[in-house]
Amino acid sequence: MKRAFLSFALLTLALPAFANGPDRPDRPTYQTDAETCVWTWQEGGGFGLWAEACTFNGTLWQVLWDADQGAFVTQQGTAQAGIAVQPWTLPDASGITALSALLIAAGHLAPEAACTWQPVAPRPAPRTMAFHSLTPTDPAALAPTPEGEVPEPVCGPYGASTHGVRYVITDLRWPGQAVFVEEGQERPLFDPASITRLP
């Protein structure tokens with residue numbers, strides 16, 4: 001217990017939990033672990049979000065902005081565990097389908113992939129906001145193989161997966177922007193509802 005309290009105290013000193021600001025939603029009221037986690041406000045790429053920094057078994061887990069990748073990433077100590085949230089800039093007056101071309105150009109989606117954008121509803125949201133999932137046109141594409149193995153995501157690392165919850169947000173208040181969200185298999189170390197376009 002003393003070690004957990006000391007880790008939390010050091011974490012609090014290193015990563016202060018900032019107060020709510022005029023452009024920030026309220027700090028979340030839940031925590032993954034009240035003794036070892038603290039909420040911090042993170043900003044990057046014109047967006048902000050509330051993220052937790054937690055010490056698990058002596059290792060600091062946190063979500064930080066990575067300018068090289070243009071994304072908020074989950075960091076496990078000094079190792080990167082993956083992209084958590086990534087904003088994309090869409091061509092003028094284009095819709096969510098334009099993101100497919102950007103993903104293909106970046107090498108994240110095979111040009112021949114039989115995938116389409118489908119509306120999803122992962123949580124309640126303002127009327128201006130829409131959620132989209134890049135989904136295989138063949139529903140069986142995500143089914144286990146005859147040997148019982150889980151197939152690789154047909155629609156790439158930004159598409160629907162059996163490994164966790166993934167989707168893209170668009171919002172009438174953010175014209176020309178699409179935000180990829182990777183929630184994973186369990187509750188992520190960030191609050192998806194707090195993702196905010198900064199002025």
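## Exercises on two disulfides and a buried glutamate

With -105 degrees about the S-S bond, the link between Cys-115 and Cys-155 is left-handed. This is a predicted model, in which local features need pLDDT of at least 70, side-chain atom pairs count only at pLDDT 80 or more, and totals for chains, interfaces and linings use all residues. Residues are numbered from 1 along each chain as its sequence is written, and side-chain values use heavy atoms, leaving out hydrogens and water.

**Exercise 1.** Find what the disulfide of Cys-115 and Cys-155 ties together.

*Solution.* Start with the bond: the S to S distance is 2.1 Å, and a disulfide is a pair of cysteine sulfur atoms within 2.5 Å. Next, place the ends: Cys-115 is in strand β6 (residues 115-120) and Cys-155 in the loop between β7 (129-136) and β8, so the pair ties together parts 40 residues apart in sequence. Strands here are DSSP runs (E, at least two residues), numbered from the N terminus.

**Exercise 2.** Work out the handedness of the link between Cys-37 and Cys-54.

*Solution.* First, the sulfurs of Cys-37 and Cys-54 are 2.0 Å apart. Then take the angle about the S-S bond: at 120 degrees, this link is right-handed.

**Exercise 3.** Which side chain of opposite charge is nearest to Glu-52?

*Solution.* Begin with the place of Glu-52, strand β2 (residues 47-56). Glu-52 is buried (under 20% relative accessible area, 1.4 Å probe, protein chains only). The nearest side chain of opposite charge is Arg-187, 5.3 Å away. Finally, the side chains of Glu-52 and Thr-32 share a polar contact of 2.6 Å (N or O atoms within 3.5 Å; within protein, one must be able to donate a hydrogen and the other to accept it, and residues adjacent in sequence count only if both atoms are side-chain atoms).

Notes: Helices (H or I, at least four residues) and strands (E, at least two) are DSSP runs, numbered from the N terminus. Buried means under 20% relative accessible area, exposed over 50%, partly exposed in between (1.4 Å probe, protein chains only). Lys and Arg count as positive and Asp and Glu as negative; His and the chain ends are not counted. A salt bridge is a side-chain nitrogen of Lys or Arg within 4 Å of a carboxyl oxygen of Asp or Glu.
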